[in-house]
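Hi,

Here is the structure I promised to pass on. Have a look at it first, and my notes follow underneath.

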Protein chains: 2
Amino acid sequence: MTEAPATNVTLDEIVALCKRRGFVFPASEIYGGIASTYDYGHYGVLLKRNVKDEWWRAMLDGPDRIVALDSAIIQNPRVWEASGHLAGFSDPLVDCRTCKLRFRADKLEDSACGRKPSKHPGETEECDLTEPRQFHLMFKTHMGPVEDDAAVVYLRPETAQGIFVNFKNVLQFARVKPPFGIAQVGKSFRNEIVTGNFIFRTREFEQMEMEFFVPPAEAEKWYERWIERRREWYEELGIRPDYLRARPHEADELSHYSSATSDVEYRFPIGWQELEGIANRGDFDLTQHANHSGEKLEYFDQATGEAGEAYVPHVIEPAAGVDRALLAFLVDAYDTDEVEGRRRTVLRLHPRLAPVKVAVLPLVSREGMPEKARAVYDSLRQRVGAEYDEGGSIGRRYRRQDEIGTPWGVTVDGQTLADDTVTLRDRDSLEQVRVPIVGLADELAARLELPWRSPKLA
Amino acid sequence: MTEAPATNVTLDEIVALCKRRGFVFPASEIYGGIASTYDYGHYGVLLKRNVKDEWWRAMLDGPDRIVALDSAIIQNPRVWEASGHLAGFSDPLVDCRTCKLRFRADKLEDSACGRKPSKHPGETEECDLTEPRQFHLMFKTHMGPVEDDAAVVYLRPETAQGIFVNFKNVLQFARVKPPFGIAQVGKSFRNEIVTGNFIFRTREFEQMEMEFFVPPAEAEKWYERWIERRREWYEELGIRPDYLRARPHEADELSHYSSATSDVEYRFPIGWQELEGIANRGDFDLTQHANHSGEKLEYFDQATGEAGEAYVPHVIEPAAGVDRALLAFLVDAYDTDEVEGRRRTVLRLHPRLAPVKVAVLPLVSREGMPEKARAVYDSLRQRVGAEYDEGGSIGRRYRRQDEIGTPWGVTVDGQTLADDTVTLRDRDSLEQVRVPIVGLADELAARLELPWRSPKLA
């Protein structure tokens with residue numbers, strides 16, 4: 001099998017576009033920043049919201065019964081005792097006595113040390129490593145005002161556990177029975193040793209996780225189904241299929257709780273990397289929380305046996321990162337071409353993901369065109385995300401919209417004032433057609449519901 | 001002026017409804033909970049999302065130029081040095097040597113101690129207080145894996161500072177000039193000593209903050225305007241006007257940075273309490289961050305003087321709590337009446353806030369009605385949030401929808417199968433009209449855009 005060509009955009013070009021157009025800024029930048037932390041600017045907020053909305057749509061409006069949850073970032077620490085995070089969520093670290101740097105003992109090959117640290121220092125060079133020590137990946141803090149007698153609590157390292165501890169509440173109020181899912185989007189925090197590659201791996205990040213509870217005998221079937229569905233989700237939102245793959249974990253990669261895991265991976269400029277993991281977690285989590293809490297966390301199936309039967313559902317978990325999904329959508333959409341003899345940068349984002357759906361532009365800032373364009377803008381923006389822009393040449397304004405991925409441009413010109421028609425420009429084909437203002441909002445709203453295919457495939 | 005009657009619902013009734021219908025659960029409940037922390041269930045997530053969406057709509061689609069931001073929870077600690085939080089964001093605490101409880105020295109009257117602690121123990125009873133000590137309200141943690149040499153960092157106590165430190169970035173990318181605003185929604189954390197009243201005051205909470213940058217001479221005008229606008233926002237979303245008030249702070253209540261602050265307050269079952277503060281912060285924040293960072297945080301106005309003039313904009317800040325806004329909407333919407341001889345609990349939520357807009361119900365679960373109802377449901381749910389429910393009697397299903405505030409109910413009955421009409425029921429008037437299925441989605445979508453008035457005012 002020949003592999004798809006590496007994407008022709010570098011991470012640096014993405015970082016530059018994100019800053020230039022206000023998608024993503026380094027956090028605390030005026031204070032020299034803070035390691036691997038980013039703030040989202042205007043278009044970044046809109047794009048991120050669209051990514052999350054599409055995920056919610058896939059979860060809540062799909063064929064299965066899935067309900068929403070939003071649990072707190074700081075939970076009772078016993079949650080992390082039961083989940084195994086308190087004991088096991090750590091990395092082995094070593095210090096190099098020579099170069100004074102710190103590495104993960106299990107990933108020495110990733111280290112930035114010029115001296116090529118080795119587990120056997122005598123063999124290679126002068127790197128002299130300490131014995132590995134375990135360092136904890138959960139952020140620890142204190143709840144209650146006085147540190148010495150306040151409760152030690154942790155920032156959650158994943159949203160999933162908030163779902164498991166609410167299993168019983170959801171069963172009661174939502175009148176659900178397996179198979180059903182509980183979905184959650186929210187921030188998680190991991191005190192990672194190795195961060196980097198822009199927003200790909202940060203210590204503060206946002207997750208989209210869903211726990212799907214099924215009868216044990218159906219676990220394998222649902223595991224396969226969710227791998228397929230989640231891969232499709234990225235494709236339907238425009239990711240090129242040959243830049244996506246589902247990769248099953250090898251036996252030695254599997255977490256202790258998982259009998260099978262597959263990653264949906266995207267071919268980033270830095271290589272194939274995980275977008276989302278789909279794990280068959282079995283009954284591990286519910287059993288752990290039942291044992292630690294003393295609560296029965298099971299489903300009583302009245303349809304089984306004579307008097308009914310209780311069982312612990314198995315769990316299939318698709319767990320995605322919002323920030324890295326957003327990065328994949330940006331990378332995949334990034335393109336350059338030539339328009340009227342000039343190089344153009346364009347984000348060929350799926351229209352539903354695009355931060356702005358339609359830009360309304362007066363051809364020139366006089367002769368009543370701005371007033372007319374504002375009226376058109378007002379008629380559109382209640383139905384689709386719109387932006388009005390009257391500064392600078394029309395070509396420059398289009399290039400700006402192309403860079404933020406706006407799929408449609410509406411230009412108000414001299415003829416508009418005479419016959420209430422405008423030109424409608426397509427970001428990808430660059431076609432401009434003349435259409436009446438009446439019905440334009442309906443037309444664009446309808447287009448947003450249509451299936452879409454990346455022009456980079458054409 | 002006679003005061004509006006205290007609301008006839010208690011906080012306990014709201015808490016019970018929230019748990020029963022899956023709006024809000026106590027966090028980590030199977031482990032005995034964790035002080036004043038809550039998880040949002042399915043309808044809570046939807047309601048909260050609607051509250052935030054309405055806020056964004058008011059900010060981004062209003063008459064002024066406002067852009068979005070989403071800054072990180074963990075920022076460079078120098079941000080909190082400049083903002084004054086590191087030095088000043090603390091409360092004076094005292095311990096009682098007799099009863100072993102801890103109180104805020106400035107709020108002794110709020111204490112739960114039976115012995116009535118006093119600053120002058122000899123005078124009243126046997127409470128024997130220590131000297132006040134300052135306790136810090138920011139959650140502290142360490143970034144980097146090794147606690148002893150890692151950076152001390154803080155969870156943000158407000159989202160506002162993330163806006164100020166991005167002022168320069170936004171000026172550059174967004175091509176804005178004062179007056180303009182930067183809006184943000186996100187979690188903040190305060191290690192409060194006194195929490196409680198359900199989701200009214202929690203240590204982890206969500207804010208909706210907007211910083212509006214204006215020429216200094218216009219600050220007073222914009223301050224007044226934003227008080228008015230923010231009060232109107234709650235009214236337009238259905239809060240009864242006589243349960244709302246804007247209360248200017250007394251001189252001794254003002255923060256050091258503010259020349260004027262007004263609270264928009266709601267009359268909760270626990271009394272008048274702040275929903276949102278609107279502060280005139282002057283140039284305090286930008287000046288502080290300019291001094292601490294060495295960056296120029298000002299606007300260069302080319303229209304002023306001969307060669308233009310630089311100035312530090314003043315800031316008007318409407319800062320609202322998402323959780324307490326949600327609580328106010330729930331309390332205000334809560335009502336009971338009698339329907340067909342039975343007591344009914346109903347949430348008279350504004351249709352745009354309601355978690356579900358329309359419930360589609362087959363009259364009975366046979367004779368092809370479920371299939372038909374599912375088809376109607378599928379035709380509606382792409383346009384408006386819909387729910388399908390076929391279990392139990394029709395009366396019981398309606399009562400359930402009334403309790404979660406669903407404004408419209410569509411019933412598929414025998415006649416539907418013959419002529420493709422359904423009954424459309426109104427939650428508040430209880431009117432049922434027969435309407436064709438064709439056009440129903442358009443009709444409901446259009447209703448969501450109409451102004452709405454609480455039936456409790458009628």
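**How the two chains relate**

A turn of 180° with a shift of 0.0 Å along the axis lays chain A on chain B, with an RMSD of 0.0 Å. That is what a two-fold axis does, so this is the relation we have here. If you want to find the axis from chain A, go to Thr141(A): its C-alpha is the one in that chain nearest the axis, at 2.6 Å. Do keep in mind that this is a predicted model.

The interface fits the same picture. Of the interface residues of chain A, 100% are also interface residues in chain B, so the copies meet through the same surface.

**Phe25(A), with contacts in both chains**

Phe25(A) is a good residue to click on next. It sits in strand β1 of chain A, which covers residues 24-26. Its relative accessibility is 1%, and since buried means under 20%, Phe25(A) counts as buried. Leaving out residues up to four places away in sequence, Phe25(A) touches Lys19(A), Tyr38(A), Asp39(A) and Gly41(A), and from chain B Leu69(B), Asn166(B), Asn169(B), Val170(B) and Phe173(B). Thr37(A) is 12 residues from Phe25(A) along the chain, and their C-alpha atoms are separated by 9.0 Å.

**The core**

Which residues have the most contacts inside the largest nonpolar core? They are Tyr234(A), Phe329(A), Tyr234(B) and Phe329(B), in a core of 187 residues. Around Phe329(A), again not counting residues up to four places away in sequence, you will find Val51(A), Trp233(A), Tyr234(A), Leu237(A), Ile239(A), Leu349(A) and Leu353(A) in contact. As background, nonpolar side chains in soluble globular proteins tend to be buried together.

**Backbone details to check**

There is a cis peptide bond between Pro178(A) and Pro179(A), with omega about 0°. Pro179(A) belongs to the loop between α6 (167-174) and β9 (180-189) of chain A. In chain B, the bond from Pro178(B) to Pro179(B) is cis too, omega being near 0°, and Pro179(B) is in the loop between α6 and β9 of chain B.

Two non-glycine residues with positive phi are also worth a look. Asn197(A) has phi near 55° and is in the loop between β9 and β10 (204-214) of chain A; at 38% relative accessibility, Asn197(A) counts as partly exposed. Phe198(B) has phi of about 60° and lies in the loop between β9 and β10 of chain B, but at 7% relative accessibility Phe198(B) counts as buried.

Cheers

Note on methods
Residues are numbered from 1 along each chain as its sequence is written. Chains are lettered from A and ligands numbered from 1 in the order in which they are written. This is a predicted model: local features need pLDDT of at least 70, side-chain atom pairs count only at pLDDT 80 or more; totals for chains, interfaces and linings use all residues. Side-chain values use heavy atoms; hydrogens and water are left out. Copies are superposed by least squares on the C-alpha atoms of residues with pLDDT of at least 70 in both. Contact means heavy atoms within 4.5 Å. A nonpolar core is a set of buried Ala, Val, Leu, Ile, Met, Phe, Trp, Tyr and Cys residues joined through side-chain atoms within 4.5 Å. Buried means under 20% relative accessible area, exposed over 50%, partly exposed in between (1.4 Å probe, protein chains only). Helices (H or I, at least four residues) and strands (E, at least two) are DSSP runs, numbered from the N terminus.
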